[in-house]
Every structure is written in structure tokens, then in C-alpha cells.
Amino acid sequence: MITGYAFALGLCAMLVVLLFVLLRTRRLREKYAGIWIIVSLGVVVLAIFPSWAFWLSRVARVNTPVNLLFGGSIAVLLLVCIHLSTELSSQEEKTRTLTEEIALLRLVVRGLRAEESFLTEPPRCRREPAVKPYSSRASR
Amino acid sequence: MPAMLPDRSLLVIVPAWNEEQSVGRVVLELLRVLPYATVLVVNDGSTDRTSAVAREAGARVLDLPVNLGVGGAMRAGYKYAFREGYARTVQHDADGQHDPEAIELLLKAMDQEDADIMIGARFAGVRGYAVRGPRRWTMRMLSIVLSRVAHTRLTDTTSGFKACNRSAIRLFSSNYPAEYLGDTVESIVIAARAGLKVRQVGVTMRVRSAGRPSHSPIKAGVFLLRAVLALAVALSRPTEPLPREVPQ
């Protein structure tokens, strides 16, 4: 019994330490770490005072305390998954905007380069740039 | 603020993904039929020579470094049109399915009906296109719903042949979905909700050089489900107002 609690307690403590290390080294941003820190602290508390789990399950009218824990952890994991999906979608939208911006800038750079080579080349070999800036071949 | 080009300035946006076989011919024909237009090929992360072929043919090319899908390519095109001050755009496929000769028809119809968006519809009284079975029912369903949303009769809501005026360019440069059917179905909903006038005109389509509409019942079923989902999401989204004529 005692060793089981000690094991659970040690595991939770390690989780908390891992999260803090990740936060300190900036490999995890605080907005994602928040929920994990709360969860791991909750688990630590339950590991120290298992009787609280019994009290909670009585309040919530769940017959077996462990089912309350399982149910609660599934709900938390589900919410975290949905949160990550929304974050991913917003990242995709940002990537899309940046991709567009890069493509637009590439075209501008191409035009500027053509303009520059047109201006800097000596007059006797001056020629039309391959891509004339800001006017298509068609309109010439 | 870019200097506005003249009222008749036209940008033909050609989204292209690995179309080196056909894009050159399409660009040359567009420039021959519409000598006053600028052709912008949006190379949607192609791994072949699409970009080089298009440039050699005389088009301007937007090179997207990664593949974004038709909706993504088109929004990039609308952004270009918006920033460079074009008055009108036409979306034109790179596979040679659309007929450049029909663009004038599209623009004339847009002027006559004073529309903001003119869709080139494949079924509207002009022969040359047939779809059967469940896919047809899905398209019929989309037409009925979108006709109500846009307060006009639309028969071909999945057509990628569209003309837009400055108001529509402004709207689509910031708000053009990259989802499945987002570039066709959802964009019509967005435009109608923003108070733009959407109309259609019948056009003929050519036989595509590669790729045909599938008649597999499973694919048709998936198409139906995705269309219903796209429509439900589009209709339930909050309306976004038309952005003003001030670029960032």
C-alpha cells in the first residue's frame, strides 16, 4: 500500500519537475503547460490524500472512486486534444498567410532585379529585361 | 495605397498545380484572346516546370513555396489583384477546361447585370457538359440552397470559372476559404452574405485533357457528405463585413 502511494507520488513529482524544466528551457510555452501543471498538481494532491477521492466520488454520486478518476482524466485529455486541434488550425492559417506573402514578395523581388540589371548594365549592351517590372509582356 | 489601374484593367488568375503540360498553351491563348489583360499564374507548390513554362509563355507567376490547394492559390491571386489595384479578375483553370473566348461573355454579362461576381455555369442552357447519378443530385441540392442564399438562380455552384469586380476582390483577398469546396460553394455564401450581387451566365466547357468527373457511387456519396458539411459550416458562420478600400 505505502509503496504504491510513494510510487504514484514520485511519478507525479517527476511530471511537475519535467514540465518546469521544459518551461525553463523554453521548449514548452506557458499557455500549453498551464493545464498540465494544474493536472499534475491535482494528481499529487490526490496521491497524498487518497481519501479526498472517496469524498469526491460520494459527492458526485459515483460508486467506484477510480471510475471518477478515469472519467475525469478522459474528459481532460479530450479537451486538451480539441485545444491542440484549434491551435493547429490557427497555425495553418498563419502558414497560409505567410506563404502568400512570400509568393507576393518573390514576384516583387523578381521585378526589382530585372529593373536593377536594366539600370546598371553598360548602355551598349543595354537590353530589355527578361521580365519587365509592373507590366506584362502582353501589354507591350 | 497602390495607384488604381483603369476601370477596365483585368487580371486573369490561373491556379496551377503540376500543369506543365497545359499551362503554357492556356497562357498563350489567354494573351492572344485578351491582349489587354494580365495573366497571373499562381503556381501552387508544383514540383514540375509549371512556373518556368508559364513565365516563358508571358505570364506573371506567383510561386507559392508549399501547396495550399485551389482556395489558397486563389486568395494569393486576389491579394495580388487587390494590392496592384486591378479592377476585375477572372479565375481560369490551367488544364484547358475553360474557354478563353468565354471571358468576354462573362465580363459583358457582368456589366449588363451590374453584378459583383459572375459565374460561368456549365449547365445553363449551353450544351457540352453532363453529370449523372448521385453527384448530379448533390449539385442540384447545392444549387437550390445557394440560389436561395444569393437571391438568384444558380445552376452550377461548383464552377471554377468566375469573374469578380473590385468589391469582390477586396472581400476575397482577406476572406477566401482553403477548405474543400470552400473556393466554390463557401465563397458564394461569403459573397452573398457580404451583400455582393452574384449572377451566372451559361458557358461551354471543353473536354479536359486529363481527369474526368468520377461516377463511382462511393466517391459520389463522399462528395455528398462533404458538400453538406461545407454548406452547413458556411451557412452557420457569422457574416463578415466587406473590408474597406484601404490596404494594410
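# Questions on a predicted two-chain model

Colleague: In strand β6(B), which residue is the bridge partner of Ile117(B)?
Modeller: This is a predicted model, so all pairings come from predicted coordinates. Strand β5 (residues 117-121) of chain B is joined to strand β6 (residues 162-164) of chain B by three bridges, and the two run antiparallel. In β6(B), the partner of Ile117(B) is Cys164(B).

Colleague: In what order do the seven strands of the open sheet in chain B lie?
Modeller: The pairing in this sheet is mixed. Its edge strands, β3 and β7 (198-202) of chain B, each pair on one side only. From one strand to the next, the twist averages 20°. The order in chain B is β3-β2-β1-β4-β6-β5-β7.

Colleague: Is strand β1 (residues 10-16) of chain B largely enclosed or open, and how many of its residues are buried?
Modeller: Look at both faces of β1(B). On one side, Leu10(B), Val12(B), Val14(B) and Ala16(B) are buried. On the other side, Leu11(B), Ile13(B) and Pro15(B) are buried too. The strand is largely enclosed by the rest of the structure because its buried residues number seven of the seven.

Colleague: Which residue of β4(B) stands opposite Leu11(B)?
Modeller: β1(B) pairs with β4(B) in the parallel sense. Four bridges link these two strands. Opposite Leu11(B) stands Thr89(B).

Colleague: Which residue of β2(B) is the bridge partner of Pro15(B)?
Modeller: β1(B) also pairs with strand β2 (residues 38-44) of chain B. That pairing is parallel and has six bridges. In β2(B), Pro15(B) is matched with Val42(B).

Colleague: What is the handedness of the β-α-β crossover from β1(B) to β2(B)?
Modeller: Follow the chain out of β1(B). It passes through helix α1 (residues 23-33) of chain B and then enters β2(B). This β-α-β crossover is right-handed.

Colleague: At about what angle does helix α4 (residues 101-113) of chain B run to β5(B)?
Modeller: Helix α4 of chain B lies across four strands of that chain: β4, β5, β6 and β7. Its angle to β5(B) is about 135°.

Colleague: Which element gives the largest share of the side of chain B that touches chain A?
Modeller: In total, 20 residues of chain B are in contact with twelve residues of chain A. β2, β3 (60-64) and α3 (69-84) of chain B each supply at least two residues of that side of chain B. The side divides into 13 nonpolar, three polar and four charged residues. The largest share, five residues, comes from α3(B).

Colleague: What share of the 140 residues in chain A is buried?
Modeller: Chain A has four helices and zero strands. Along the sequence, the pattern is α-α-α-α. Of the contacts in chain A with a separation of 6 or more, 33% join residues 24 or more positions apart. The buried share of chain A is 4%.

Colleague: In chain B, where is confidence highest?
Modeller: Chain B averages a pLDDT of 86, and 89% of its residues score at least 70. Its confidence is lowest in helix α8 (residues 217-236), at a mean of 86. The highest value, 96, belongs to residues 88-91 of chain B, which form strand β4.

Colleague: What ipTM does the model score?
Modeller: Two scores are given for the model. Its pTM is 0.80. Its ipTM is 0.78.

Technical notes:
Residues numbered from 1 in each chain as written. Chains lettered and ligands numbered in written order. Predicted model: local features only at pLDDT ≥ 70, side-chain atom pairs only at ≥ 80, totals over all residues. pLDDT = per-residue confidence, 0-100. Buried ≥ 20, exposed ≤ 12 C-beta atoms within 10 Å, placed from the backbone. Pairing = 2+ DSSP bridges. Right-handed = clockwise from strand over helix to strand, strands pointing away. Contact = placed C-beta atoms within 7 Å. Nonpolar A, V, L, I, M, F, W, Y, C, P; charged D, E, K, R; others polar. Axes fitted to C-alpha atoms, helices over the stretch in contact; angles between N-to-C directions.
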